[in-house]
Amino acid sequence: MAPLVTLEKHGNLGIVALNNPPVNALSHGVRQSLSELLSRAFSDASIHAVVIWCEGRSFIAGADIREFGKTPLQPDVPEVVELLDAAKKPVIAALHGTALGGGLELALACHYRIALGSTRVGFPEVTLGLLPGAGGTQRLPRLIGVGAALDLIVSGKLISAAKAQGLGLVDVVVEEPLRASALAFAETVLLEGRPLRRVSDLVAKLDAADQLEAYRASVAQQCRGFLAPFHCIEAIRAAVDLPLGEGLARERALFIELMDSSQSKAQRHAFFAEREVTKVPGLPDATAARTLRSAVVVGSGTRARVLGACFADAALPATLLAGTQEELDNALAALRVSAAAGAGRESASTKERRAPITCSLDAGLLNDADLIAEAGAGDVTAQRASLGRIGAVAKPRAILVTAMPYADIDDIAACTQRPEDVVGLHFHQGGAARGVEIIRARDTAPEVSATLIKLTKSLGKVPVVVQGPVGSRMFTAYLREALFLLEEGALPAQVDRVLHDFGFQIGPFAESDRSGLDVEWQRRKVRFDSLDPRARACTLLDQICEQGRLGLEAGAGFYRYDADGNATHDPAIESLLLRHSKDRGIVRRTISDQEILERCLFSLINEGARVLEEGVAARPLDIDMIWIHGYAFPVYRGGPMFYADELGLASVRSAMLGYAAESGGEHQTPAPFVERLAHALKGFYSAS
Ligand code: T1G
């Protein structure tokens with residue numbers, strides 16, 4: 001195996017090169033060798049300057065996250081950084097790819113930083129529930145100022161080399177080849193006798209006395225519930241208030257607090273789950289995708305436009321196939337409105353690669369399209385008929401997509417007589433969220449799933465391959481329990497507040513109003529006969545929808561909405577609830593926030609257990625990725641299945657049994673999988 005770190009002499013220069021693919025993470029082995037070879041270079045009198053650079057696609061992307069939560073091994077990253085900081089000869093860091101976290105901290109301890117133009121740098125630790133724990137919170141504000149350091153460290157965002165140069169974080173942006181440019185730069189430093197610019201010698205000053213408090217207030221809303229962003233601010237405060245040594249100690253203490261926190265454990269789980277989720281069991285990585293040059297979306301309504309826009313953003317020319325001239329004109333007008341609304345918000349790369357999206361009445365387009373999505377049919381029967389027709393005219397190997405969130409994919413696939421080409425596609429939150437479900441039928445060809453994974457990943461989405469609708473199914477169980485709580489005495493605002501405080505952006509009722517109550521109502525109607533007696537008798541959704549209160553777009557649902565979409569409590573809903581409970585013979589009671597939280601979450605988790613047991617989702621991480629990236633389940637709780645494991649399934653089970661006894665609902669009866677795991681003292685992840 002190639003050595004992780006090498007030291008090579010080049011004239012009077014020493015080149016320390018790392019080689020730890022794929023991202024040169026600072027694993028224990030790397031730290032040991034780096035520390036040893038740097039010491040050697042520093043003590044070698046024939047070496048007058050040192051260049052640090054990395055082989056492969058990237059400079060150091062930080063500490064090795066896989067080592068977190070395990071017994072720390074020395075030297076740790078701070079030790080290596082302090083070794084560099086103490087260097088008595090010029091050290092130049094040569095950056096390419098991504099220089100992140102501990103890698104950028106290492107570069108900050110060097111005297112000069114040069115970078116290729118394509119390099120991106122940043123401190124993503126906050127996205128792992130951590131903070132830069134190797135001097136980054138102390139050196140960065142000294143070098144680029146408190147304001148810019150707060151933005152970089154609290155946001156976790158990556159910036160370009162050009163922006164970094166503008167901030168003074170990078171000294172020079174160089175051309176390929178990086179190695180030669182770095183050596184040339186080092187020789188210039190020696191030739192010109194440039195000083196050893198130690199960032200540690202600089203001072204961090206506030207731009208205004210209340211700068212940190214003001215910053216804390218400015219991020220309070222977007223960082224609601226998270227620990228790490230506020231620990232970052234406190235660490236940067238230490239850079240201003242304390243000498244470096246004490247500041248580093250304060251940073252370390254704050255870092256360890258976060259490292260030991262359940263939030264960071266959950267966010268690290270989410271980091272690896274997001275990478276694992278596209279390694280689909282039974283779908284070899286090497287599965288070749290089909291070539292897509294054109295897409296036709298049958299339909300012109302919201303769902304069709306969302307799909308068309310996503311395809312176009314993925315550089316796939318898309319045509320919406322409308323049924324009438326009026327539909328076509330309306331679709332074109334709506335596309336213009338959403339394009340205007342989205343203008344300026346999309347990234348430069350999306351804008352650059354966006355393909356055209358058009359509308360047409362020409363059904364002949366179905367004969368040549370590489371991908372055809374059915375997004376016009378209002379119900380399952382119409383969907384079956386439409387895809388049957390499409391299957392008959394589409395060319396061989398064209399991919400046939402159903403966009404109906406709760407359709408039985410195998411039933412739909414059979415209608416086309418070519419089930420191997422059929423797949424379901426569900427962009428969460430109308431494409432606004434990163435979550436996407438790729439729903440494969442029993443006979444869907446592997447390359448069809450691979451093609452949609454590739455397409456949705458190119459959009460920056462997190463695709464999850466499942467054997468049936470997962471997110472919408474679990475949401476229905478979650479909403480059903482919330483509706484039962486309304487029958488028993490709660491009000492929509494109370495339930496939503498409890499789930500909002502737990503960390504969801506919004507609660508189940510505001511969420512349902514936002515996506516439109518007609519979707520859940522339609523689903524209830526389709527499944528009515530299979531519902532259990534309590535669910536059938538809970539007619540709240542029917543009563544509300546029959547009044548035309550279909551949610552935000554209709555101006556009223558569980559809440560009333562003003563022209564700007566702001567929700568207000570509606571006494572009409574409260575009277576409806578009081579009347580309904582009375583008609584059902586239910587004596588309304590005061591329900592605690594804890595009961596509301598547990599009954600809603602445990603219903604979600606319990607349905608997740610059924611989804612796993614039936615094999616609709618293959619792994620608990622599939623469910624966690626759907627809920628974190630599709631339904632804004634708080635990432636610092638790791639997703640519903642991870643959260644359940646952290647609570648302990650035995651205690652989840654006993655709480656559910658308690659609620660089942662009280663409210664008599666079979667819904668709180670633990671699923672067989674929960675029973676088995678709880679008895680075995682296992683969790684969803686230890687079972688998988
Ligand atoms: N440690 C361990 N493994 C890592 C890793 C890391 N830092 N970064 C990536 N990997 C693995 C990843 O799991 C995947 O593995 C493979 O590399 C390719 O990654 C002391 C405490 C660098 C932008 O948070 O953001 O430093 O799935 O698929 O899309 O203050 O990876 O192939 O088995 O994501 O090209 C801070 C995390 C650490 C950066 C590349 N650093 N990484 O994206 O590839 S904390 C980070 C990324 C720290 C110090 C603190 C991205 C990337 P596998 P990938 P990519």
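1. Start with helix 18 (471-488): in this predicted model, helix 18 gives the most to the lining of the largest cavity, with 5 residues. Helix 21 (517-527) also supplies at least two residues of that lining.

2. The largest cavity holds about 180 Å³ of space. Its lining includes Thr476, Leu479, Arg480, Leu483 and Phe484, along with Glu520, Arg524 and Arg527. Sorted by class, the lining has 7 nonpolar, 1 polar and 4 charged residues, so have a look at where those charged side chains sit.3. There are 2 cavities of 30 Å³ or more, and the second largest has about 30 Å³ of space. Thr402, Met404, Ala407, Ile409, Gly424, Ile439 and Pro469 line the second largest cavity. That lining has 5 nonpolar, 2 polar and no charged residues.

4. Now the ligand. Its shell has 27 residues, of which Arg57, Ala63, Glu105, Arg275 and Lys279 come nearest. By class, the shell splits into 15 nonpolar, 5 polar and 7 charged residues.

5. What about polar contacts to the ligand? A backbone N or O atom of Ala63 sits 2.8 Å from a ligand oxygen, and a backbone N or O atom of Ile65 is 2.9 Å from a ligand nitrogen. Arg66 comes in through its side chain, with a polar atom 3.3 Å from a ligand oxygen. On its own the ligand has 990 Å² of accessible area, and the protein covers 77% of that.

6. Strand 5 (98-100), helix 3 (102-108) and helix 11 (262-276) are the elements giving two or more residues to the ligand shell. Helix 11 has the largest share, 3 residues.

Notes:
Residues numbered from 1 in each chain as written. Predicted model: local features only at pLDDT ≥ 70, side-chain atom pairs only at ≥ 80, totals over all residues. Heavy atoms only, no water. Near = heavy atom within 4 Å. Polar contact = N/O pair within 3.5 Å; in protein donor to acceptor, adjacent residues only side chain to side chain. Areas by Shrake-Rupley, 256 points an atom, 1.4 Å probe, with all protein chains shown as cover. Helix = DSSP H or I, 4+ residues; strand = E, 2+ residues; numbered from the N terminus. Nonpolar A, V, L, I, M, F, W, Y, C, P; charged D, E, K, R; others polar. 1 Å grid on protein atoms, 1.4 Å probe; cavity = no way out; pocket = protein on both sides within 12 Å on 5 of 7 lines; lining within 4 Å. Points joined across faces, edges and corners; volume = space filled by probe spheres on them.
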